[in-house]
Amino acid sequence: MVCKRQAASPLFPPTLEVKRVRVLAVESSCDETALAVYDGERSQLLAHRVHSQTEVHADYGGVVPELAARDHMRRLPVLARQVMADAGMGYGEIDAVAYTAGPGLAGALMTGAAFAKGVSASCGISALAVNHLEGHILAPLLEAEAPAFPFLALLVSGGHSQLIEVRAVGRYRLLGESIDDAIGEAFDKSAKLMGLGYPGGAALSRLAEDGDPVAVPFTRPMVNRPGLDLSFSGLKTAVANEIAAGRDHADVAASFERTVIDTLEIKLRRALDQTGLDRLVVAGGVAANRPLRERLTGMMVERGGSVHFPAIELCTDNAAMIALAGWLRLSAGERDADPGFAVRPRWPLDSLSPPGRAA
Ligand code: KG4
Ligand code: ZN
């Protein structure tokens with residue numbers, strides 16, 4: 001490794017040329033190892049790579065934390081070399097390193113944080129802990145038609161289902177969330193019941209294309225109650241009952257998917273009315289769902305507002321979103337105050353502060 005600031009001493013905190021930040025980003029919060037290089041000066045993603053551990057966990061029907069951490073250990077240095085080559089640069093040309101510090105699996109997070117801190121210490125460059133959820137909701141800012149602040153964010157992933165009022169970077173107000181299963185989790189558990197493997201969200205959606213979305217009259221959870229909270233464990237149980245009763249899997253999948261989308265649309269309309277916001281961001285793995293994207297696009301057209309999704313490949317876990325969130329904070333002078341690191345398996349979005357201040 002050749003570093004341009006080898007002679008810098010003391011190592012911490014290294015100085016940062018805030019205008020010309022090229023960020024290397026590391027994501028390892030769950031079962032994807034991902035790296036990216038982002039050029040803040042040109043507002044350009046130079047390279048990103050994702051290695052999915054699906055095969056490692058396939059036999060277990062879910063993510064095994066120890067196996068996840070071990071696989072990250074193996075992949076991180078290899079993927080880092082590849083992504084740097086893709087970006088056409090060496091470690092010496094990187095100005096800062098951003099890494100996911102939470103929320104996520106503790107051991108998995110530690111491997112990425114340790115790797116990032118190693119790059120930081122050996123190259124004498126700044127490091128910054130990034131919140132994975134902030135990465136998800138800011139990911140649409142990487143697109144050509146980036147949303148302006150403020151906006152309403154719907155974060156729908158394997159671990160989270162939240163409605164958030166986003167006033168600016170670091171100014172987040174939680175409006176509602178799932179009181180039990182996350183939406184991605186409901187997709188995955190339902191898919192498992194249909195024998196579609198893990199994680200089965202995308203496979204369930206493909207199966208749903210062959211089914212009748214009104215074949216099974218599932219109840220839309222919590223829509224008759226006031227408020228913006230969500231609940232999906234009852235729907236998952238209803239899916240289990242229909243499967244046990246021998247219902248056609250494609251019909252169950254299509255009806256399940258439609259019920260989830262109907263429910264989200266009702267809650268989103270309510271949240272938009274309540275907040276007066278007319279821009280919607282949809283992010284997280286489930287934002288890759290095509291019928292969801294179509295329905296919410298139609299809803300925002302009808303309301304005269306706009307909807308913003310990350311590119312499909314940047315909906316599920318990736319490091320491009322961590323690079324962008326990291327850059328937005330690094331360029332405001334924020335950086336880790338300590339060469340050591342502490343991961344944060346639980347790290348709520350609404351505990352964050354605007355850039356430049358410690359979270
Ligand atoms: O954001 P993500 O990669 O990981 C977490 O941070 O949780 O989200 C993964 C989730 C999984 O539950 C997966 O089944 C779901 O996103 N997912 C989908 C689709 N693609 C991924 N769910 C429904 N339809 C899809 N097309
Ligand atoms: Zn995620």
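This is a short walk through a predicted model, stop by stop, with something to select at each one.

**Stop 1: the zinc ion**

Start by selecting ligand 2, the zinc ion, along with His132, His136 and Asp317, its protein donors. The two histidines each offer NE2 and the aspartate offers OD, at 2.0 to 2.1 Å from the metal. Now look at the angles among the four donor atoms: they run from 94 to 140 degrees, and the site is classed as irregular. Why irregular? Four donors count as tetrahedral only if all angles lie between 85 and 135 degrees, and here the range reaches 140 degrees.

Next, colour the chain by residue number and find the donors along it. Their spacing reads H-x3-H-x180-D. His132 belongs to helix H4 (residues 132–138), while Asp317 is in the loop between strand S10 (306–308) and helix H10 (320–330), so this pair ties together parts 185 residues apart in sequence.

Turn on a surface for a moment. Are these two donors buried or exposed? His132 is buried, at 7% relative accessible area, and Asp317 is buried too, at 15%.

**Stop 2: ligand 1**

Keep His132 and Asp317 on screen and add ligand 1. It is surrounded by 19 residues, and the closest are Gly158, Asp188, Gly285, Asn289 and Asp317. Three distances are worth drawing, each to an oxygen atom of the ligand:

- Gly158, from a backbone N or O atom: 2.8 Å.
- Asp317, from a polar backbone atom: 2.9 Å.
- His132, from an N or O atom in its side chain: 3.3 Å.

So Asp317 turns up twice on this tour, as a zinc donor and with a backbone atom by ligand 1.

**Stop 3: strand S5**

Now select residues 126–131, which is strand S5. Five of its six residues are buried, so the strand is largely enclosed by the rest of the structure. Add strand S4 (residues 96–102), which pairs with S5 in the parallel sense over six bridges. To find one of the bridges, pick Ala96 and look across to its partner in S5, Ser126. Then show helix H3 (residues 106–123): S4, H3 and S5 together make a right-handed β-α-β unit.

**Stop 4: Pro217**

Finish at Pro217, in the loop between helix H6 (201–208) and helix H7 (233–244). With a relative accessibility of 71%, Pro217 counts as exposed. For a last distance, go from its C-alpha to that of Val252: the two residues are 35 apart in sequence and 9.6 Å apart in space.

Terms used. Residues numbered from 1 in each chain as written. Chains lettered and ligands numbered in written order. Predicted model: local features only at pLDDT ≥ 70, side-chain atom pairs only at ≥ 80, totals over all residues. Heavy atoms only, no water. Donors = N, O, S within 2.8 Å, 3.2 Å for Na, K, Ca; no water. Tetrahedral: all angles 85-135°; square planar, octahedral: opposite > 155°, others 65-115°. Helix = DSSP H or I, 4+ residues; strand = E, 2+ residues; numbered from the N terminus. Buried < 20%, exposed > 50% of the residue type's maximum accessible area, 1.4 Å probe, protein only. Pairing = 2+ DSSP bridges. Right-handed = clockwise from strand over helix to strand, strands pointing away. Near = heavy atom within 4 Å. Polar contact = N/O pair within 3.5 Å; in protein donor to acceptor, adjacent residues only side chain to side chain.
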